[in-house]
Amino acid sequence: MDKHITRLRRARKTRVRIADLKMVRLCVFRSNNHIYAQVINAEGNQILAQASTLEAEVRNNLKSSSNTEAAAVVGKRIAEKAKAVGIEKVAFDRSGFQYHGRVKALAEAARENGLSF
């Protein structure tokens, strides 16, 4: 198996566990150039809040959109947007990515700004 297939397998297993818990989830996806975060409802059919490095407010304040500083800004923005919708507790779905680097920076920034998971 290649890296992409194993990542998708890990992501699928995590999403099944989160679906059993019937919790709102914070889903993170990272590409080589950007990082994206979405808060998805318990049924998995509606996006309640989203943030990414593609947003104009984020892009204008960063030197690069593919580093831990950018991920921390996205984590802060997704926490603020989730709290504005009334969500404070989520399940963290890292989409099969390892919990280090940009994914870890996003998670820690979200925790510091009021989300609990």
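Which residue follows α4, and what is the sign of its phi? The residue is G114, and its phi is positive, near 115 degrees. Keep in mind that this is a predicted model.

Now step back into α4 itself. Its buried residues are R102, V103, A105, L106, A107, A109 and A110. What lies over them? The cover includes β1, β2, α3 and β4, the last spanning 91-93.

Take L106 as an example. Setting aside neighbours within four places in sequence, L106 is in contact with L26, V28, I35, A37, A71, V74 and G75.

L106 also leads to the largest nonpolar core. This core has 26 residues. Those with the most contacts inside it are L26, V39, V74, I78, V90, L106 and L115. Several elements each give two or more residues to this core: β1 (25-30), β2 (35-40), β3 (47-52), α3 (68-85) and α4 (102-112). Which of them gives the most? That is α3, with six residues.

Next, look at the strands. β2 and β3 run antiparallel, and five bridges join them. V39 stands opposite A49 in β3. V39 is also among the core residues with the most contacts inside the core.

β2 and β3 form a hairpin, with six residues between the strands. Find G44 in this hairpin: its phi is positive, near 80 degrees. G114, after α4, has a positive phi too, near 115 degrees.

Terms used: Residues numbered from 1 in each chain as written. Predicted model: local features only at pLDDT ≥ 70, side-chain atom pairs only at ≥ 80, totals over all residues. Heavy atoms only, no water. Core = buried A, V, L, I, M, F, W, Y, C linked by side-chain atoms within 4.5 Å. Buried < 20%, exposed > 50% of the residue type's maximum accessible area, 1.4 Å probe, protein only. Helix = DSSP H or I, 4+ residues; strand = E, 2+ residues; numbered from the N terminus. Contact = heavy atoms within 4.5 Å. Pairing = 2+ DSSP bridges.
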